[in-house]
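Me: Please examine the model shown below. I should like each classification to be justified against its criterion.

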Amino acid sequence: MTTPGTTGLILEEPLLCEQSVKGRIGFSLPPSGVPESNLSNLPKSLLRQKSAELPEISEVDGVRHFVRLSQQNYCKDAGLYPLGSCTMKYNPKTTEAASKIPGFANSHPLSTTEGMQGNLKLIYELQEYLAEISGMDFVTCWPAAGSHGELTGMLMIRAFHESKGNPRKKVIIPDSAHGTNPASAAICQYEVITLPSNKEGILTADAVREVMDEEVAALMVTNPNTLGIFEENILEICEVVHKKGGLVYCDGANLNALLGIVRLGEAGVDVLHFNLHKTFSTPHGGGGPGAGPVGIKKKLEPFLPTPLIIKENGTFNLEWSRGQSIGRVKAYFGNFGMLVRAYTYIREFGPEGLRRISEMAVLNANYIRKNLEGTYHLPYSKPVLHECVFSDKLQKEHDIKTLDIAKRLMDYGFHPPTIYFPLIVPGALMIEPTESEPKASLDQFIEAMKTIAKECQDTPEIVKTAPHKTFRGRLDEVKAARELKLRWTT
Ligand SMILES: *Cc1c(COP(=O)(O)O)cnc(C)c1O
């Protein structure tokens with residue numbers, strides 16, 4: 001029997017300390033000719049009372065351990081990674097190679113300005129490219145993540161209003177926003193006003209008009225939003241906000257749908273952040289490092305974080321102090337390796353290539369949407385951009401929920417999509433294939449999803465108790481989070 005997909009995910013490997021065998025060593029060097037030095041002059045408090053409890057293993061044990069771990073770590077290089085909102089696209093090896101060019105990889109953050117001309121030129125040009133792509137006037141590359149970009153942007157918005165004598169009190173955020181948006185607004189001491197989207201899953205100018213007043217510092221809108229739908233009223237919404245002196249913050253984490261097609265700056269957006277680790281193919285890396293550059297309009301220029309890179313007669317200098325700047329947001333020069341990768345990606349594809357990326361991302365998402373429509377419930381039927389959101393409404397009839405479907409997908413060798421997000425869709429399954437998937441892998445995924453839907457009718461127990469092909473079965477996730485079991489055995 002053949003099954004769609006590849007194999008189950010593998011999740012079992014003993015800890016190194018559990019593999020430890022007393023006296024086993026991982027190297028053999030000739031005896032050292034350096035005489036042992038006497039440490040008795042050192043304060044006793046600095047000396048170890050007993051040896052460090054390190055695992056004792058051979059070289060082959062160590063290599064195999066890490067190779068096996070690397071193989072358990074499901075990755076984009078292994079297959080489809082349809083995590084909605086995360087844009088898990090394939091990272092081309094050219095960008096990896098560029099980031100490892102010794103002049104970049106070994107550059108020291110405390111080097112002199114003359115010593116880092118190449119780095120500064122690259123960051124400066126990346127800022128220009130991102131401004132060109134988005135229609136913004138300036139870009140800063142220092143923030144280390146999308147959420148960090150939001151914080152940087154909201155601090156600039158607060159500084160802007162303060163410079164006019166009143167920081168204002170509120171920030172409007174639609175209910176389809178990413179959770180980091182209200183968090184960033186709250187950290188900047190704003191009260192969050194949640195605005196419902198309409199039946200089509202978008203924001204209307206009238207809804208904004210109703211709550212917009214002179215106490216509102218900004219509207220934070222994600223475009224395309226977390227349902228994967230383009231906020232088509234953005235022009236009018238920006239006008240409504242500007243009329244009352246507010247600013248528009250656009251969460252640009254979903255820019256993968258818009259490259260070369262829409263320049264949000266031209267729609268009236270005042271602040272926009274980019275997720276280089278989504279749109280511009282830098283690795284998401286288990287929680288970091290990422291990069292979240294922020295684009296702004298000219299009126300916010302005095303508040304840009306320091307240092308600023310200034311180009312004078314072909315030389316790049318750093319401006320460290322600027323009266324109204326929000327100050328530094330990151331040590332040294334951002335996550336520089338990410339900037340090298342994004343720069344390389346933009347240069348490699350060029351304007352036509354970038355547009356093609358977005359077209360293919362949108363095509364792939366709609367291909368999945370159309371093929372699974374009817375098999376899974378689609379709460380919003382509007383054509384989507386880069387991702388589509390289903391719910392478990394049809395499978396609920398068989399007492400099956402989103403979590404079960406996600407777990408069963410692992411048996412078919414697919415990383416599950418994002419689940420239970422966005423919050424406005426109960427039991428959401430949020431699928432973002434990205435442009436890097438060939439049709440064959442989309443078809444395999446669709447077949448697996450259809451097979452699971454059929455199992456929900458015929459053999460629901462199999463789905464409810466999945467996964468079956470992984471080394472570990474269904475985990476009690478609450479217990480795992482509440483009763484942490486930290487092992488250390490020697
Ligand atoms: C991913 C994402 C963020 C947060 O970005 P991080 O780099 O994870 O901090 C914010 N908004 C949206 C819409 C996103 O998809």
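Reply: This predicted model holds 9 aromatic pairs. One of them joins Tyr376 and Phe390.

Me: Why is the pair of Tyr376 and Phe390 called edge-to-face?

Reply: The ring centres lie 6.3 Å apart, and the cut-off for a pair is 6.5 Å. The angle between the planes is 65°, and edge-to-face requires over 60 degrees. Both criteria are met, therefore the pair is edge-to-face.

Me: Which parts does this pair tie together?

Reply: Tyr376 belongs to the loop between H10 and S10, whereas Phe390 belongs to strand S10, so the contact ties together parts 14 residues apart in sequence.

Me: What makes Tyr376 and Phe390 count as buried?

Reply: Buried means under 20% relative accessible area. Tyr376 has 1% and Phe390 has 0%, so each is buried.

Me: How do you know which strands stand at the edges of the sheet that includes S10?

Reply: The open sheet has 3 strands in the order S10-S12-S11, with antiparallel pairing. Strands S10 (388-391) and S11 (418-419) each have a single partner strand, so one side of each lacks a neighbour in the sheet.

Me: Why do S11 and S12 count as paired?

Reply: Pairing requires at least two bridges. S11 and S12 (residues 428-431) share 2 bridges in the antiparallel sense, so the criterion is met. Thr418 has Met430 in S12 as its bridge partner.

Me: At what angle to S10 does helix H10 run?

Reply: Helix H10 (residues 336-372) lies across S10 and S12 and runs at about 25° to S10.

Key: Residues numbered from 1 in each chain as written. Predicted model: local features only at pLDDT ≥ 70, side-chain atom pairs only at ≥ 80, totals over all residues. Heavy atoms only, no water. Helix = DSSP H or I, 4+ residues; strand = E, 2+ residues; numbered from the N terminus. Contact = heavy atoms within 4.5 Å. Axes fitted to C-alpha atoms, helices over the stretch in contact; angles between N-to-C directions. Phe/Tyr/Trp six-rings, centres within 6.5 Å; stacked < 30°, edge-to-face > 60°. Buried < 20%, exposed > 50% of the residue type's maximum accessible area, 1.4 Å probe, protein only.
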